[in-house]
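Got the viewer open? Let's walk through this one stop at a time, with a selection to make at each.

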Amino acid sequence: MKSFLYRNPTRTSWAEDFSFLNKSSKDKSDNEIDNKESLRIKKSYLKVSDLNLYINKTHILKNVNLEIPDKKITCIIGPSGCGKSTLLKTFNRLIDDTEGVKYEGSIWVDDTDIFDKKTEITDIRKKMGLLSQRPCPLPMSIFDNIAFGCKMHGERNRKKLNQIVEEQLKAVGLWEEVKDRLNTPASKLSIGQQQRLCLARGLAVEPEFILADEATSALDPISSKHIEELFVELKQDYAIILVTHTLRQALRIADHVIFMYLGEVIEAGPADEIFNNPKQELTRKYLEGAFS
Amino acid sequence: MRFKFIEEKIAKVLMISASVVVFAFVVNIIYTIFRRGFPALNWAMISQIPAGGYYNGGGGGILNAIVGSLYIVLGSTILGLLISIPVVFYLNVYLKKDSKLAYVARLAFDVLFGIPSIVYGAFAFSIMIYLGMHTSLGGGILVITLLVIPIFIRSMDEVAQHLPKDLLDATYALGATKLETIKVVLRQIAPGIATATLLSVGRAIGDAAGVMFTAGFTDSIPTSLSRPAATLPLSVFFQLSSPNAEVQDRAYSAALILIFIVLVISVGGRLITNHFSKHKI
């Protein structure tokens with residue numbers, strides 16, 4: 001089984017990924033460089049601690065503790081109904097709209113606890129670009145789809161908006177395809193194009209994370225490959241969290257893997273470690289296809 | 001022949017005959033109105049207010065009723081939209097799916113939907129007497145607004161209930177507050193709003209009982225909200241009650257004008273709807 005597993009040759013060690021967390025251990029000059037760097041490239045940080053989530057007294061997420069590495073693709077895998085999507089929805093608190101939901105514990109995004117009463121929920125959501133299973137363009141033109149978020153956050157300058165739209169469409173490789181019909185309804189695009197548009201729409205509000213809930217499962221193989229390639233490209237600038245049902249996809253693009261089963265995180269770690277050398281019996285069985 | 005083919009044939013015949021019956025009624029109504037109303041129709045009908053003795057065969061027209069009806073329809077449609085859009089938005093975006101309040105509210109609107117307009121008229125009339133108001137254009141607009149609000153809300157709500165959850169989630173994920181989703185929601189339910197508007201315009205312009213007490217009837221064109229206003233259905237009613245055959249024919253002309261206005265609004269509405277629903281996903 002090992003032979004076909006994907007290995008990321010550029011991987012740095014796990015400790016290095018989180019070196020920014022224990023700045024105190026570094027000497028001062030090092031720290032200054034770090035600060036300068038953080039001004040240039042902002043590090044994003046997401047940590048879940050002791051998260052328990054109930055919906056109508058059903059215990060959905062059980063004692064979840066994790067950290068999401070920055071500038072990497074994190075895949076959450078596990079059988080259906082294990083709480084992957086719920087966990088993802090908790091990250092941007094879309095879960096709040098569910099009837100009877102109750103949570104304990106905390107999720108830290110950068111330096112704020114997202115469950116804190118003082119936290120503005122819109123600020124949290126702005127930091128998390130969401131890509132849903134089926135592409136869901138807003139009922140407006142292609143241009144307005146991308147400009148909507150920026151306008152909402154106060155950008156009124158037409159020139160700036162034009163620039164943002166062009167930039168984001170280029171980032172998802174859609175510019176050449178749609179540049180002559182920016183004012184046509186977004187619903188006229190093919191489903192694969194729509195999904196890329198949704199990605200661009202999310203990127204336009206300058207998030208730090210990209211949450212993708214089985215974002216390729218409704219797409220044809222070519223569009224799906226396109227999205228995967230985009231993820232690999234985008235991980236230079238964003239932390240990407242991907243819920244996926246297809247193990248192959250996780251094998252192809254994951255840098256970090258979280259395996260969940262019945263609402264618990266069974267194992268989390270770098271992709272090659274999990275795929276090649278799972279510590280838990282359950283993970284090994286799942287990877288071998290004993291259940292799905 | 002096998003039984004199920006006979007069954008199929010019978011069902012088909014029944015369906016066709018039902019459609020024919022409905023269509024025949026429509027054709028018959030339009031034919032009758034045309035036959036009696038068209039010869040009596042002249043330019044004076046739609047360009048003049050009634051002269052003295054109009055209801056006994058004198059000269060003049062029904063411009064007062066045309067203008068009065070259009071005022072009332074316009075006023076009540078605008079007021080109705082202003083009141084019902086926030087209600088629909090609140091029911092579908094703010095309240096959760098199984099909210100008790102939403103259930104009670106929807107039930108209430110269903111009940112209001114079924115209340116005959118004469119009851120609204122009588123209700124508004126008693127309030128007007130209490131406030132010492134006379135019959136007026138403003139009163140007519142208010143009572144017709146009451147009448148169309150349930151139509152607006154129920155038909156928009158029907159569309160808004162199918163608002164995709166993903167669409168709201170996608171908007172929230174961009175950092176939108178619930179209020180900021182209104183732009184997205186309105187565009188998505190635009191066809192529903194248009195249908196609701198057409199339905200209520202039809203009901204508002206055709207209503208006679210509600211405006212009888214509240215807007216009254218007059219031979220002049222209302223110059224302010226506190227003046228009484230004539231309406232087309234009442235104009236038809238008063239002319240049709242005349243023993244004079246010539247005046248009765250004029251009632252049919254008035255009905256013809258009424259139908260024409262509704263037709264223009266419907267076709268115009270459809271065109272506008274198509275324009276606005278092009279973005280719907």
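Start by selecting the two domains of chain B: four residues of domain 1 are in contact with six residues of domain 2, where contact means that C-beta atoms, placed from the backbone, lie within 7 Å. On the domain 1 side of chain B, the residues that touch domain 2 divide into two nonpolar, one polar and one charged. (Nonpolar is Ala, Val, Leu, Ile, Met, Phe, Trp, Tyr, Cys and Pro; charged is Asp, Glu, Lys and Arg; the others, Gly among them, are polar.) To make the selections, use 3–37 for domain 1 of chain B and 45–279 for domain 2; such bounds come from an automatic or database domain assignment. Put a distance label between the C-alpha centres of these two domains of chain B and you should get 30 Å.

Some housekeeping before you click on. This is a predicted model, so local features need pLDDT of at least 70 and side-chain atom pairs count only at pLDDT 80 or more, while totals for chains, interfaces and linings use all residues. Residues are numbered from 1 along each chain as its sequence is written, and chains are lettered from A and ligands numbered from 1 in the order in which they are written.

**Chain B as a whole**

Colour chain B by secondary structure. You'll find 12 helices and zero strands; helices here are DSSP runs of H or I with at least four residues, strands are E runs of at least two, and both are numbered from the N terminus. Along its principal axes, the C-alpha trace of chain B spans about 70 × 70 × 35 Å. Of its 281 residues, 37% count as buried, meaning that 20 or more other C-beta atoms lie within 10 Å of a residue's own (exposed is 12 or fewer, partly exposed is in between, and C-beta atoms are placed from the backbone). Take the contacts in chain B with a separation of 6 or more: 76% of them come from residues 24 or more positions apart.

**Helix α12 of chain B**

Next, select residues 245–276 of chain B, which is α12. How far apart are the end C-alpha atoms of this helix? They are 46 Å apart, which agrees with the 46 Å its 32 residues should span at 1.5 Å a residue, since the expected span is 1.5 Å times one less than the number of residues. Show side chains in α12(B) and look for the buried ones, among them Arg250(B), Tyr252(B) and Leu256(B). The cover over the buried residues of α12(B) includes α1 (3–37), α3 (63–94) and α9 (190–206) of chain B.

**Where the chains meet**

Bring chain A back into view. Here 22 residues of chain B are in contact with 24 residues of chain A. On the chain B side, α7 (165–173) and α8 (182–188) each supply at least two residues, and α7(B) gives the largest share, seven residues. By class, that side of chain B has nine nonpolar, five polar and eight charged residues.

**Chain A, coloured by confidence**

Now colour chain A by pLDDT, the predictor's confidence in each residue, from 0 to 100. The mean for chain A is 83, and 85% of its residues reach 70 or more. Residues 1–40 of chain A have pLDDT below 50, and beyond near neighbours in sequence this stretch has 22 contacts in the model. Where pLDDT is low, the predicted coordinates should not be read in detail.

**Strand β3 of chain A**

Select 73–77 in chain A. Is β3(A) mostly covered or mostly open? Mostly covered: five of its five residues are buried. Ile73(A), Cys75(A) and Ile77(A) lie on one side, with Thr74(A) and Ile76(A) on the other. Strand β3(A) pairs with β8 (239–243) of chain A in the parallel sense over four bridges; pairing takes at least two bridges found by DSSP. Across that pair, Thr74(A) stands opposite Ile241(A). Four bridges also join β3(A) to β9 (256–261) of chain A, running parallel, and there Ile77(A) stands opposite Phe259(A).

**The antiparallel sheet and Gly100**

Last stop: an open sheet of four strands in chain A, ordered β2-β1-β4-β5 with antiparallel pairing. Its edge strands are β2 (58–68) and β5 (112–113) of chain A. Look across from Trp108(A) to find Asp113(A) in β5(A). Then click Gly100(A), in the loop between α3 (84–91) and β4 of chain A. Gly100(A) is exposed because it has 11 other C-beta atoms within 10 Å. Not counting residues up to four places away in sequence, Gly100(A) touches Ile55(A) and Asn56(A).
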